[in-house]
Each structure stands twice: as structure tokens, then as C-alpha cells.
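Dear colleague,

I am passing on the structure we spoke of, and below it you will find what came out of going through it. Please have it open while you read, as the notes go from one part to the next.

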Amino acid sequence: EVFDLIATMAWKNGEPGILFLDRINKKNPTPAIGDIETTSPCAELPMLPNECAPLGAINVSLFVKEVGNGTREIDYEHLKTVVHHAVHFLDNMIDVNTYPALEIEKITKANRKIGLGIMGFADLLFRMRIPYSSKQALDLAGQLMKFINAESKKASTALAETRGPFPNFEKSIHNRRKN
């Protein structure tokens, strides 16, 4: 009954779903700083109180290339370059942003969260002649996001090597020295 009511009201109000903060906090990268209490507006990124993060999206439909005989594939080398530039760009936004309150600026610069996603996936499938509701499309989505996830982490690591880790790194789950 409760689940049916949740589903009905989400449909009626156009809500994207429900949020279980206890589940999200199990993956909180900085639990020593505080509990996650909310997400960015479209629920892309879990946030601590007063935290914000720049969000960006890569139009993946622009990475389809012809490889001969009408065959098309994703240009992963070009995509890799763009992912690395996007991570660098979003990280730079943290520094140049004008924050409405000192508390927001302080926690945002201490955690340096960014959100990098995609758009244009349906257009990518169309350009590659892959049916949207096919297993091939689902497999491609997994492969594409696995690649973007891995490359964004490499880009973040490279930034940490040149700029240093984010200020709350020592208090984060990423600090392997404390474990």
C-alpha cells in the first residue's frame, strides 16, 4: 500500500522518486564532516548541508565516427580528452564561483565535489543505428558510463597530483593512510 501510494504520488506530481538518506550516507565520502541531507536539484549528487557543486554534461552524440562500410562507433580517444577537460573545467568553477554565503563557499571548496554526466544518448543510438530499447543499447550505455567514470577518476587523480588533494581528503573515505 505504501509503495503504491509513493509511486502514484510520484507519477501525479512528476517527482523523480524518493530518497533514502540512510542508504546514501553509507557511501558518504566525508562522513567525518557530516551527514548528507539533500541532493542537487535533479538528485544527481548527494550533498552535505550548505554544499554545492558545479554540474556539467557531455553530449555523447557528438562522439560517433564512421569507420568504413557504414559502420559507426564511439570515438573513445576524443571522448577521453573531453572528459579530462570537463573535469578540469568543473573543478576550476569551484574556485571562480561567486557564492551567496561564506558557509557554502567554505564547504564547497573543502570537498570540491563536481558532477559530470551525459546528454544526447538517444541521439547517439540513432546515429549508430541501435534501437533504443535493445540489449545492445543497454550494453553500450554500461560500457560508455564505465569508460566516463574511469576517465573522470583518472582526471581527478591527475588534478590532485598537480594541485594537491581536496582539503577534506584527510577526513574522507579516500584517505587510505588512516585505514
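In this model, which is predicted, the largest nonpolar core has 20 residues, and those that touch the most other members are I74, L79, L124, L125, M128, L140 and L144. The elements that give two or more residues to this core are α3, α5 (121-127) and α6, and the largest share, 6 residues, comes from α6. L140 may serve as an example of how the packing is made: leaving aside its neighbours within four places in sequence, L140 is in contact with I74, Y76, L124, L125, M128 and I130.

Helix α3 deserves a paragraph of its own. The end C-alpha atoms of α3 are 30 Å apart, which agrees with the 30 Å that its 21 residues should span at 1.5 Å a residue. Its buried residues are L79, V83, A86, V87, L90, D91 and I94, and because they fall within an arc of 125° when seen down the axis of α3, they line one face of the helix. These buried residues are covered by parts of the chain that include β3 (55-59), β5 (71-74), α4, β6 and α6, whereas the face turned away from the buried side carries the exposed residues E77, H85, F89 and V96.

Turning to charged side chains, the count comes to 9 salt bridges. One of them joins D95 and R112, with 3.1 Å from N to O; since D95 lies in helix α3 (residues 76-96) and R112 in the loop between α4 (102-111) and β6 (115-119), this pair ties together parts that are 17 residues apart in sequence. D95 is partly exposed, at a relative accessible area of 40%. The pair also belongs to a network of salt bridges in which D91, D95, R112 and R163 are linked, and D91 appears in the list of buried residues of α3 given above.

Two further salt bridges are found within helix α6. In the one between D139 and K135, the distance from N to O is 2.9 Å, and the two residues, both in α6 (residues 135-163), are 4 residues apart, about one turn of the helix. D139 is partly exposed, with a relative accessible area of 42%, while K135 counts as exposed at 60%. In the other, K154 and E151 meet at 3.1 Å, N to O, and they are 3 residues apart in α6, again about one turn of the helix. Here K154 counts as partly exposed at 49% relative accessibility, but E151 counts as buried at 5%.

You may also want to know about the cysteines: how many disulfides does the model have? The count comes to 0. A disulfide is counted when two cysteine sulfur atoms are within 2.5 Å, and the sulfur of C42 is 15 Å from the closest cysteine sulfur, in C52, which is too far for a bond. Of these two cysteines, C42 is exposed, with a relative accessible area of 58%, and C52 is partly exposed, with a relative accessible area of 24%.

With best regards

How values were computed:
Residues numbered from 1 in each chain as written. Predicted model: local features only at pLDDT ≥ 70, side-chain atom pairs only at ≥ 80, totals over all residues. Heavy atoms only, no water. Buried < 20%, exposed > 50% of the residue type's maximum accessible area, 1.4 Å probe, protein only. Salt bridge = Lys/Arg side-chain N within 4 Å of Asp/Glu carboxyl O. Expected span 1.5 Å × (residues − 1). Arc of directions from axis to C-beta. Contact = heavy atoms within 4.5 Å. Core = buried A, V, L, I, M, F, W, Y, C linked by side-chain atoms within 4.5 Å.
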